[in-house]
Amino acid sequence: MKHITCIEDLRQLHKRRVPKAFFDYADRGSYAEETLHANRDDLKQIKLRQRILVDVSKRDMKTTILGEPSALPLVLAPVGLLGMQHGDGEIHACRAAQAAGIPFTQSTMSICSIEDIAAAVDKPFWFQLYVMKDRGFIKALIERAIAAKCSALVLTVDLQVIGQRHQDIKNGMTVPPEWSLSKLFDFATKPAWVSGVLRGKRRTFGNLAGHLKISDDITSLSTWINSQFDTTLNWKDVDWIRSIWPGKLVLKGILDVEDAEIAVKSGAQALVVSNHGGRQLDGAPSSIEVLPEIVDAVGSQMEILFDGGIRSGQDVMRALALGAKSCMIGRAYVYGLGAAGQQGVEKAISVIAKELETTMGLCGINTIAEIDDKVLAV
């Protein structure tokens, strides 16, 4: 890891060490990937203001997220199938986040179950919820998150209809993997990955295991999952979830001011400005493009998190300067997980943290609270 200098280094290592189908699942976006690329391109266009001869000897990156102390303004975002990037991937990522003093968010569509992670770590973690048609299953899932003492529920609100991801179709991406000659060859060239996944607790969706009779039948399971995304999902369902979930609620997937204003009335404590990493509505604006207007509209009424294209500490500075309270990273830490398991996730967090600390110094900033639009070059 000592020669890893940036997130792109981890990405290249991830690409070499993990089968193509799973790397592409993490790396690619929907349709023509216009929004995927806009997330990165628009962040790069934001220039930072260099300041000199300012005492920056006492830089401090500590902050609070949802009222809890955090060592960095950073959260590991929910990402499905982490256990197919590295055996027990969710556990390794959660441990890395907790070692760094930041929150980890488990995906509904994870390989390890809620209970697997809770038994393997010392502190509470966040749980991300997809609302499916089977409301009984969703109610049970929320109750399991309560029993596991999850400290926040992140409700993803932008997946009523699934955006097509061309590369997943071309790769025949399934969990567990369906065998083909090309996949067998790909897997044969990655023995460390194969060994790690085989040693993992599970190789299918852990939160579904034991709760669906079809959970061991991959064809039936995939059919059930695809049939469960609910086009009737609406704000009344948020009220229903609020009636069950007693803790902090975060709405992830807000990209419009009107939706943000409704979110304020929902009882949620925070929202995440996000376009699902360019994996849903292709042609939507980048997350950073809409962040300032959402902050202006509701930033004084609820906590604003940012998600979409973060690959560096400079990117974190840009998002905070435009009003985000903290940032979620997804692909950045998944690259680390695929590259080197828990050590790789720790490296991804460390890279971004060190870049943020340096960037603060070069911009004449000592604390996270000081970061505002004055750090941006006009």
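Before I start, my cut-off: a residue is buried when its relative accessible area is under 20%. I'm working from a predicted model here.

**Entry 1: the Y130/F229 pair**

I checked F229 against that cut-off: its relative accessibility is 12%, so I put it down as buried. Y130 comes out buried too, with a relative accessible area of 12%.

Then I ran a search for aromatic pairs over the whole structure and got four. Y130 and F229 make one of these pairs, edge-to-face, with 6.0 Å from centre to centre and 70 degrees between the planes. I looked up where the two rings come from, and the pair links distant parts of the chain, 99 residues apart. Y130 is in the loop between β5 (126-129) and α6 (135-147), while F229 is in the loop between α10 (218-228) and α11 (235-244).

**Entry 2: other rings**

F187 and W193 also pair up, but tilted: I get 4.9 Å centre to centre and 55 degrees between the planes. Both of these residues, F187 and W193, are buried. F22 joins F187 and W193 in one aromatic cluster.

I also looked at Y25. R279 lies over the face of that ring, at 4.7 Å from the ring centre.

**Entry 3: strand β10**

Next I went to β10, residues 326-329. Which of its faces are covered? Both are: S326 and M328 are buried on one side, C327 and I329 on the other.

I then looked for its neighbours in the sheet. β3 (residues 74-76) pairs with β10 in the parallel sense, over three bridges, and L74 stands opposite C327. β9 (residues 303-307) also runs parallel to β10, again with three bridges. There, L305 has S326 as its bridge partner. To get from β9 to β10 the chain passes through helix α14 (residues 313-321), and I noted this β-α-β crossover as right-handed.

**Entry 4: helix α14**

How many residues of α14 are buried? I find eight of the nine, so the helix is largely enclosed by the rest of the structure. The buried ones are G313, D315, V316, M317, R318, A319, L320 and A321.

I asked what covers them. The list includes the helices α3 (34-44), α13 (287-298) and α15 (331-362), along with the strands β3, β9 and β10. So that I don't forget it when I go back to the backbone: G323 follows α14, and its phi is positive, near 115 degrees.

How values were computed. Residues are numbered from 1 along each chain as its sequence is written. This is a predicted model: local features need pLDDT of at least 70, side-chain atom pairs count only at pLDDT 80 or more; totals for chains, interfaces and linings use all residues. Side-chain values use heavy atoms; hydrogens and water are left out. Buried means under 20% relative accessible area, exposed over 50%, partly exposed in between (1.4 Å probe, protein chains only). Helices (H or I, at least four residues) and strands (E, at least two) are DSSP runs, numbered from the N terminus. Two strands pair if DSSP finds at least two bridges between them. A crossover is right-handed if, with the strands pointing away from the viewer, the path from the first strand over the helix to the second runs clockwise. Contact means heavy atoms within 4.5 Å. Rings of Phe, Tyr and Trp (its six-membered ring) pair if their centres lie within 6.5 Å; planes under 30 degrees apart count as stacked, over 60 as edge-to-face and the rest as tilted. A charge sits over a ring if NZ of Lys or CZ of Arg is within 6 Å of the ring centre and within 35 degrees of the ring normal.
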